[in-house]
Amino acid sequence: VKLAEKDIVMGFDFGQKKIGIAVGQIITATATPVSIIKAKNGIPDWDEIKNLIEEWKPSLLVIGFPINMDGTESEMSRLSLKFGRKLNGRFNLPFEMMDERLTSFEARQETKEQGEQIDDVAAKIILESFFEAYLSQLS
């Protein structure tokens, strides 16, 4: 995927009950948490996602890919990939999967409060990790 500096990228921290969403740009390589939407067995309110996509007009979607610490895939890996494919099918936008190991831990560190919802912050971290990897490939 080739990104222009001004392209908006939308990141997702997929979960069975909640999906965290963040947006960012390659020019700053930073992201901002924008929403946490409820999901039922991994199925989101597609209208809510549609509204966010219409509002932000992303060029690329980045979905967190939960893999085990040893690098093997899990059931959640499969479900996250399926979610990415559904986003692609519904909104005709390209998507990339991004290793999300330790993002929930980092999000908790960043929010400092265990009780706080961290899914959108995790999405922000996933997106910033993607920017870091993307930019390192360019140099």
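**Exercise 1. What follows helix H2, and what is special about its phi?**

Solution. H2 is followed by asparagine 92, whose phi is positive, near 50°. Before going on, note that this is a predicted model, where local features need pLDDT of at least 70, side-chain atom pairs count only at pLDDT 80 or more, and totals for chains, interfaces and linings use all residues. Residues are numbered from 1 along each chain as its sequence is written, and side-chain values use heavy atoms, leaving out hydrogens and water.

**Exercise 2. Work out what span H2 should have, and compare it with the model.**

Solution. Helices (H or I, at least four residues) and strands (E, at least two) are DSSP runs, numbered from the N terminus. Step one: the expected span is 1.5 Å times one less than the number of residues. Step two: H2 has 17 residues (75-91), so it should span 24 Å. Step three: the end C-alpha atoms are 24 Å apart, which agrees.

**Exercise 3. Find which residues of H2 are buried and which are exposed.**

Solution. Buried means under 20% relative accessible area, exposed over 50%, partly exposed in between (1.4 Å probe, protein chains only). The buried ones are Ser77, Leu79, Ser80, Phe83, Gly84, Leu87 and Phe91. Looking down the axis, they fall within an arc of 165° (taken from the directions from the helix axis to the C-beta atoms), so they line one face of H2. On the other side, Arg85 and Gly89 are exposed.

**Exercise 4. Which unit do S5, H2 and S6 make?**

Solution. They make a right-handed β-α-β unit: with the strands pointing away from the viewer, the path from the first strand over the helix to the second runs clockwise.
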